[in-house]
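Here is my notebook from an afternoon with one structure. I picked a few residues and looked up where they sit and what they touch.

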Amino acid sequence: MKKPMFLILLLCLVINCKSKNEGEATEKKLPRIAIAGIGIESSTFSPAQTHEEAFHARIGDSIFGRYPFFEEGTAIRNRADWVPTLLGKSLPGGIVTREAYESMVAKTLKMLKENGPYDGLFFDIHGAMSVVGLEDAEGDLIQRIRDVIGTDALISTSMDLHGNVSKRLAEHSDLITCYRMAPHEDALESKARAITNMLDRLENGKGKPNFKAWVPVPILLPGEKTSTRIAPGKGLYAQIPSVENQEGVIDAAIWIGYAWADEPRNHAVVMVTGDDKEQVIAGAEKLANAFWKVRHDFEFVAPVATLEESLQMALAHKESPFIISDMGDNPTAGGAGDVSWTLQQLLARPEFKSENSPSLIYASIPGPELIEEALKSGIGKKVKGMVGAQVDNRFAPPIALEGTITAIKEGDRDAEVEVVVQVGSIHVIVTKKRKPYHQESDFTDLNLKPRETDIVVVKIGYLVPELYDMRKGWIMALTPGGVDQDLERLGYKNIKRPMFPLDIAMEDPDLSARLLRASDAVD
């Protein structure tokens with residue numbers, strides 16, 4: 001009795017082992033996909049330059065921490081064997097030094113060489129990076145990546161809608177998409193779409209799309225006129241699903257482009273990718289013509305005025321806070337962030353001389369010298385030091401700021417050190433390095449109460465969601481700086497002309513779709 005039972009158990013064990021081994025042998029092999037990207041929006045009209053440390057580059061597995069959809073156990077994480085290399089993302093700023101760019105590119109290419117081969121690459125960029133000595137930085141970067149990983153690998157490019165899609169970037173990309181909302185509340189959703197499109201094409205064996213339609217649209221507008229919160233931007237972007245959802249289409253995208261760089265690639269673009277030639281072409285031309293048709297309808301997302309007019313409105317307003325966008329030096333559009341002109345005007349006004357005057361927060365101005373003195377003195381003490389105009393002094397000189405320290409905060413990722421200095425009824429946020437102020441916590445962490453403050457002046461263009469929801473009144477001030485909203489004053493020399501609205505009476509352009517070469521056919 002025992003012997004037959006032993007044989008049965010042994011037979012079952014052999015069968016189970018065989019089944020397990022056969023299952024492992026037939027288990028689908030996961031695609032091997034690299035992750036890389038360098039992202040910044042850089043103004044060539046600002047005297048500032050951006051160095052490597054501004055990118056806070058992540059290397060290897062630390063990259064996963066930037067994306068919730070890459071957490072352990074998520075569907076996207078489980079669908080591929082991911083090889084993260086280098087991902088550098090900087091605040092918008094001035095042109096990137098060649099040394100910084102070459103250093104990050106060298107690190108990226110080295111890691112790609114060491115860890116290949118790949119089935120695909122997730123290329124996460126902004127699309128508006130300018131580099132000293134280059135006309136098309138992202139085009140240069142993707143071509144150098146192709147030289148390493150080859151043309152068989154599928155590259156899926158994810159971009160900001162304020163990026164620029166040169167023909168070179170479009171040809172070397174197999175799949176490409178961009179955000180569909182401004183402000184960019186769909187940024188993570190768009191990145192996930194870029195990845196999912198690539199995974200789907202790798203898993204179903206279809207690989208590169210048969211067709212990529214590219215339509216350059218000679219329009220160059222600032223983001224503050226093209227927000228998708230209002231018409232016509234809202235209606236224009238609402239047309240994308242009607243193209244994308246057609247059989248034979250993978251993705252459809254509209255790029256507004258980046259207005260504050262002077263390069264031939266700076267203009268709007270429409271792209272559609274897919275396998276149905278007729279649908280791809282028709283979809284691209286539909287969106288391009290829709291964009292051109294509404295070109296005259298784009299207006300600022302909020303009322304605009306001079307600083308003087310803005311302050312008069314703010315002082316007369318009865319509810320708090322009234323927010324003034326100090327647009328010309330907006331660091332999130334590429335401004336140097338240290339133009340002192342607006343602060344100079346505010347400090348000179350009699351309305352804010354007394355502590356009992358209307359309260360005002362100014363965010364913000366870099367002042368390393370004052371920061372150093374404030375750290376020595378401490379909260380509650382008087383401090384004096386120079387602030388602003390160390391980078392961009394074209395409109396006003398550095399300011400000798402003197403007041404009482406009401407808050408000190410160290411350790412911020414961008415500012416490093418923040419100090420609040422009270423001068424009369426104005427609370428000036430001084431930073432060691434420039435920083436945008438977008439969240440309520442940016443203020444409350446400094447013991448400021450923006451909701452209870454009469455006027456909040458912040459270096460920004462259109463308001464991001466938290467500030468937008470907080471506002472009781474809002475005006476966008478036409479102030480000077482490297483991202484001046486008056487494009488006529490910038491003095492373009494290298495963009496392709498004619499260009500709307502700089503050439504307002506230009507003839508209708510050729511908006512027929514250009515079918516681009518597949519990446520494995522590029523010279």
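Is aspartate 200 buried, partly exposed or exposed? I looked up its relative accessibility, found 34%, and wrote it down as partly exposed. A reminder to myself before going on: this is a predicted model.

**Entry 1: aspartate 200 and its partner**

I next checked what the side chain of aspartate 200 meets, and found a salt bridge with arginine 79, at 2.7 Å from N to O. Aspartate 200 belongs to helix H6 (residues 187-203), while arginine 79 is in the loop between helix H2 (75-78) and strand S5 (81-89), so this pair ties together parts that lie 121 residues apart in sequence. My margin note says that side chains of opposite charge can pair when their charged atoms come close. I also looked up the total for the structure, which is 39 salt bridges.

**Entry 2: two more pairs**

I turned to aspartate 136 and found that its salt bridge is with arginine 168, with 3.6 Å between the closest N and O atoms. This pair also links distant parts of the chain, 32 residues apart: aspartate 136 is in the loop between strand S7 (120-124) and helix H4 (137-149), and arginine 168 is in helix H5 (residues 167-172). Aspartate 136 is buried at 10% relative accessible area, whereas arginine 168 is partly exposed at 30%.

Then I tried arginine 180, which forms a salt bridge with glutamate 244; the closest N and O atoms are 2.9 Å apart. Here 64 residues separate the partners, with arginine 180 in the loop between strand S9 (175-178) and H6, and glutamate 244 in helix H8 (residues 240-244). Arginine 180 is buried, with a relative accessible area of 16%, and glutamate 244 counts as buried at 16%. I also noted one network, in which salt bridges that share partners join Asp136, Glu138, Arg168, Glu263 and Arg265.

**Entry 3: a charge without a salt bridge**

Which side chain of opposite charge is nearest to aspartate 262? I found lysine 493, 7.0 Å away; aspartate 262 is buried yet has no salt bridge. The cut-off for a salt bridge is 4 Å, so a distance of 7.0 Å does not qualify. Aspartate 262 sits in the loop between strand S11 (249-255) and S12.

I then asked what its side chain does reach, and found the backbone nitrogen of asparagine 494 at 2.8 Å. The backbone nitrogen of isoleucine 495 is 3.1 Å from a polar atom of the aspartate 262 side chain. Beyond its sequence neighbours within four places, aspartate 262 has contacts that include Thr44, Phe45 and Tyr492.

**Entry 4: serine 227**

I found serine 227 in the loop between strand S10 (211-217) and helix H7 (233-237). Serine 227 is buried, at 2% relative accessible area. Its side chain reaches the backbone oxygen of alanine 182 at 2.8 Å, and a polar atom of that side chain lies 3.1 Å from the backbone nitrogen of arginine 229. Among its contacts outside four places in sequence are Pro183, Lys234 and Val301.

**Entry 5: valine 270**

My last stop was valine 270, in strand S12 (residues 268-274). Valine 270 is buried, with 0% relative accessible area. What does it touch, not counting residues up to four places away in sequence? I listed several residues, including Trp214, Val217, Ile254 and Leu287. The C-alpha atoms of valine 270 and valine 217 are 7.4 Å apart, with these positions 53 residues apart along the chain.

Notes
Residues numbered from 1 in each chain as written. Predicted model: local features only at pLDDT ≥ 70, side-chain atom pairs only at ≥ 80, totals over all residues. Heavy atoms only, no water. Helix = DSSP H or I, 4+ residues; strand = E, 2+ residues; numbered from the N terminus. Buried < 20%, exposed > 50% of the residue type's maximum accessible area, 1.4 Å probe, protein only. Polar contact = N/O pair within 3.5 Å; in protein donor to acceptor, adjacent residues only side chain to side chain. Contact = heavy atoms within 4.5 Å. Lys, Arg positive; Asp, Glu negative; His and termini not counted.
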